[in-house]
Amino acid sequence: MHIIINSAASVSFDDSLHDSINMNYMGSMRMFDLGKSTKNLVAYCHVSTAYVNCNLPYDSMIEEEIYNKDQDVERLISKYINMSPLEIREKQTEILNGYPNTYTFTKAMTERSILKKRGDMPCCILRPAMVGCSMKEPFPGWVDTIAAMGAPMFFGGIGVYGYALTPKGNGADAIDVVTVD
């Protein structure tokens with residue numbers, strides 16, 4: 001029985017578009033291709049982000065689906081990879097098309113490619129809001145970044161702050177965090 005979980009990504013919100021494409025899109029697609037070539041694959045799981053549709057209007061109803069699924073992602077990725085850093089800097093707002101950063105943009109592009117290429121491959125996409133430290137592996141509490149949930153965990157752990165104010169009622173005070181392992 002073979003299961004592949006692709007959870008690797010650069011969770012830096014200020015990576016250049018080239019770096020984010022290389023790590024978040026190309027890296028994920030290489031793992032996806034490995035899954036496609038695996039005999040007896042039971043499941044391929046791609047870990048994305050809950051913010052993959054953050055480019056949609058603030059007051060819109062966002063469904064659990066992949067939007068813009070007919071977009072020719074491979075053509076766009078090829079185009080962006082071949083642009084100079086200066087061209088990208090000049091056109092980045094247009095390229096990101098409502099996404100606040102290269103991370104959420106490349107995660108959305110990856111989901112679209114997976115949907116287009118999956119065929120009959122058994123796969124799923126998980127969209128956690130935040131990924132926190134490990135529960136067990138490589139050891140309890142392990143984290144390698146202070147991005148996303150790592151920052152409040154780190155600063156809380158060293159005593160910089162001891163609590164966070166949250167809205168009350170209807171479950172709004174719950175934090176949506178999954179462990180990295």
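Author: Two strands count as paired if DSSP finds at least two bridges between them, where strands (E, at least two residues) and helices (H or I, at least four) are DSSP runs numbered from the N terminus. The model is predicted, so that local features need pLDDT of at least 70 and side-chain atom pairs pLDDT 80 or more, while totals for chains, interfaces and linings use all residues. Residues are numbered from 1 along each chain as its sequence is written, and side-chain values use heavy atoms, without hydrogens and water.

Reader: What is the order of the strands in the open sheet?
Author: The sheet is open, has 3 strands and pairs them in parallel. Strand S1 (2–6) and strand S3 (123–126) are its edges, each pairing on one side only. The order is therefore S1-S2-S3.

Reader: Which residue of S2 is the bridge partner of Asn6?
Author: S1 pairs with strand S2 (residues 41–47) in the parallel sense, over 5 bridges. Within S2, the bridge partner of Asn6 is His46.

Reader: What angle does the direction of H1 make with that of S2?
Author: Helix H1 (residues 17–37) packs on the sheet, touching S1 and S2 (contact being heavy atoms within 4.5 Å). Angles run from 0 to 180 degrees between N-to-C directions, with axes fitted to C-alpha atoms, for helices over the stretch in contact. For H1 and S2 the angle is about 170°.

Reader: Which term describes H2 relative to H4?
Author: The axes of helix H2 (residues 73–81) and helix H4 (residues 102–117) come within 10 Å and cross at roughly 140°. Angles under 35 degrees count as roughly parallel, over 145 as roughly antiparallel, 65 to 115 as roughly perpendicular and the rest as oblique. H2 relative to H4 is therefore oblique.
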